There are 2 protein chains.
Amino acid sequence: MAAKTRPKSDTPDASDRVSRIREGVTAAILEHRLLPGTKLGEDEIGEIYGASRTLVRTALQQLAHEGIVNIEKNRGAFVARPTPADAREVFEARRLIEPTIVDHAIDAASPAWLDRLQRHLTEEREAELRGDARASVRLSGEFHRLVAEMSGHSIYLGFLKELIARSSLIILLYRRHDTPACGTDHHAGIVGAIRKRDKAAARAQMLSHLTEIEAELFLKDPSADELRLADVLGV
Amino acid sequence: MAAKTRPKSDTPDASDRVSRIREGVTAAILEHRLLPGTKLGEDEIGEIYGASRTLVRTALQQLAHEGIVNIEKNRGAFVARPTPADAREVFEARRLIEPTIVDHAIDAASPAWLDRLQRHLTEEREAELRGDARASVRLSGEFHRLVAEMSGHSIYLGFLKELIARSSLIILLYRRHDTPACGTDHHAGIVGAIRKRDKAAARAQMLSHLTEIEAELFLKDPSADELRLADVLGV
DNA sequence: ACAGGCGAAACTTTATACAATCTTCGCTCA
DNA sequence: TGAGCGAAGATTGTATAAAGTTTCGCCTGT
């Protein structure tokens with residue numbers, strides 16, 4: 001049954017079958033295809049990716065460590081359902097880290113990187129124009145990741161990857177109204193500031209961008225869990 | 001019934017055997033008993049903790065995700081050996097995050113927490129007086145973790161736990177001279193500022209504390225890897 | 001004597017089998 | 001009719017065995 005699909009010559013990242021699973025699930029979460037609370041059965045995923053449960057389990061544990069999957073003992077893995085308190089923490093952390101990341105990105109700005117950013121902006125615009133919500137939400141997160149890669153700080157990048165993935169779940173759970181064009185203009189403004197090497201402006205725009213995203217959320221205080229149920233059913 | 005959704009999903013240091021292994025290895029790294037580059041064989045660890053390789057492997061993968069263990073494909077797990085560039089990133093991140101953490105800790109300061117901090121300070125002093133280097137280095141890291149717990153921000157806490165563990169390896173690798181009494185006075189100063197609820201002073205002292213720790217390191221620029229080897233062998 | 005290559009041993013990686021646990025469905029009884 | 005109980009089914013947790021890779025000693029040829 002196990003087709004020998006893996007000779008040995010592959011890219012260093014994609015060659016790892018665990019990484020393929022992890023990135024597949026992550027992408028699904030980033031594109032809002034996987035909803036919070038969805039059960040991620042080991043056999044199910046294993047069948048999809050043609051892998052044994054050992055590898056699936058490894059991938060799920062990594063995702064749990066990143067905070068986008070909850071593993072409940074003897075019950076299985078589920079897409080995380082961040083609480084409003086989690087959401088506030090995530091965005092506070094982003095407001096702290098990302099202005100600094102932009103700072104470093106400006107230091108590391110090269111023509112190649114600026115071109116990369118520009119191409120990303122056009123990609124975002126195109127996805128929005130054709131109304132591709134999935135691509136839009138994915139690219140919106142990827143923008144921030146791109147700036148973090150540009151900064152060259154691997155630790156900030158690692159932290160931010162985690163924060164972005166959680167943000168995606170948070171936005172899906174708590175956005176007030178559908179806001180497809182939430183931040184494309186903001187992104188363009190940030191890129192403009194980077195191009196001008198204006199750190200103060202870049203920091204300020206990044207900060208207001210994040211503040212605005214959070215302001216679009218409805219983060220009620222869930223003192224009791226049944227409030228959520230009432231909210232879902234009552235309308 | 002909905003309140004019962006996560007009965008034990010968040011019990012990091014429970015009777016979980018994987019957690020026991022992970023925390024045992026982490027403690028060994030924090031106390032400088034495990035040196036960078038040490039091989040962590042699966043059989044070896046499994047024998048020590050009376051666990052099968054499956055569980056050991058899970059623990060090692062978690063540690064790898066935290067950046068204090070490197071897993072090399074088909075070769076095994078090794079205690080990480082942070083580069084000087086890593087070290088600079090770690091301390092920059094700490095200088096960014098920890099002042100904010102102290103800020104929140106002041107907001108959350110209660111008599112119970114202040115007492116806890118005070119007890120920690122005396123513990124640190126006692127360990128130093130009796131010349132217990134292992135306990136000293138462990139408690140020094142635990143102080144920062146304690147402040148982060150006090151802040152109540154789980155995300156900052158998670159990030160900082162990772163940064164502290166890596167810092168321990170960095171200090172072991174790059175400290176100029178043995179500095180056992182590196183920061184006990186600083187810690188006392190920070191606690192004093194917290195007690196006075198003086199955020200500006202607390203932030204400033206935390207920042208200078210971290211800056212001083214990094215200043216005690218010798219972070220040469222290793223453009224090539226053989227430089228390190230030459231340094232070790234050539235005296 | 002030394003460089004190069006073969007081969008066995010040790011280890012990691014992956015898959016599979018078994019055990020423990022939870023969930024679900026049906027049955028009984030008040 | 002509804003609650004309580006119990007067994008069957010399904011799913012996860014753990015251990016063990018098979019497969020693949022690297023490493024290191026040893027042997028041969030020059």
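**Exercise 1. The surface near DNA strand D**

Task: In this predicted model, describe the surface near DNA strand D by class, then find which residues come nearest and which elements contribute.

Solution.
Step 1. Sort by class. The surface near DNA strand D has three nonpolar, six polar and seven charged residues.
Step 2. Pick out the nearest. There are 16 residues around DNA strand D. Glu42(A), Gly76(A), Ser52(B), Thr54(B) and Asn74(B) come nearest.
Step 3. Look for elements that give two or more residues. These are α2 (42–49) of chain A and α3 (53–65) of chain B.
Step 4. Rank them. With three residues, α3(B) gives the most to this surface.

**Exercise 2. The sheet of chain A**

Task: Work out the strand order in the open sheet of chain A, and explain why β1 and β2 each have a side without a neighbour.

Solution.
Step 1. Recall how sheets are held. Strands of a sheet pair through backbone hydrogen bonds, either parallel or antiparallel.
Step 2. Read the order. Three strands of chain A form an open sheet, β1-β3-β2, with antiparallel pairing.
Step 3. Find the edges. β1 (39–40) and β2 (69–72) of chain A stand there, each with a single partner strand, so one side of each has no neighbour in the sheet.
Step 4. Check one pair. β2(A) and β3 (residues 76–79) of chain A run antiparallel and are joined by four bridges. Val69(A) has Val79(A) in β3(A) as its bridge partner.

**Exercise 3. Two helices of chain B**

Task: Decide how α1(B) and α7(B) are oriented to each other, then list the residues that meet.

Solution.
Step 1. Take the axes. Those of α1 (residues 17–30) and α7 (residues 154–174) of chain B come within 9 Å and cross at roughly 40°.
Step 2. Name the arrangement. This crossing makes α1(B) oblique to α7(B).
Step 3. Match the residues. From α1(B), Thr26(B), Ile29(B) and Leu30(B) meet Ala165(B), Ser168(B) and Leu169(B) of α7(B).
Step 4. Sort by class. The contact has four nonpolar, two polar and no charged residues.

**Exercise 4. The domains of chain A**

Task: Place the two domains of chain A, then describe where they touch.

Solution.
Step 1. Set the bounds. The domain assignment gives domain 1 (17–79) and domain 2 (84–215) of chain A.
Step 2. Find the separation. The centres of domain 1 and domain 2 of chain A, taken over C-alpha atoms, are 25 Å apart.
Step 3. Count the contact. Domain 1 of chain A gives ten residues and domain 2 of chain A gives eleven residues.
Step 4. Sort one side. Where domain 1 of chain A touches domain 2 of chain A, its side has four nonpolar, three polar and three charged residues.

Technical notes
Residues numbered from 1 in each chain as written. Chains lettered and ligands numbered in written order. Predicted model: local features only at pLDDT ≥ 70, side-chain atom pairs only at ≥ 80, totals over all residues. Near = placed C-beta within 6 Å. Nonpolar A, V, L, I, M, F, W, Y, C, P; charged D, E, K, R; others polar. Pairing = 2+ DSSP bridges. Axes fitted to C-alpha atoms, helices over the stretch in contact; angles between N-to-C directions. Parallel < 35°, antiparallel > 145°, perpendicular 65-115°, else oblique. Contact = placed C-beta atoms within 7 Å. Domains from an automatic or database assignment.
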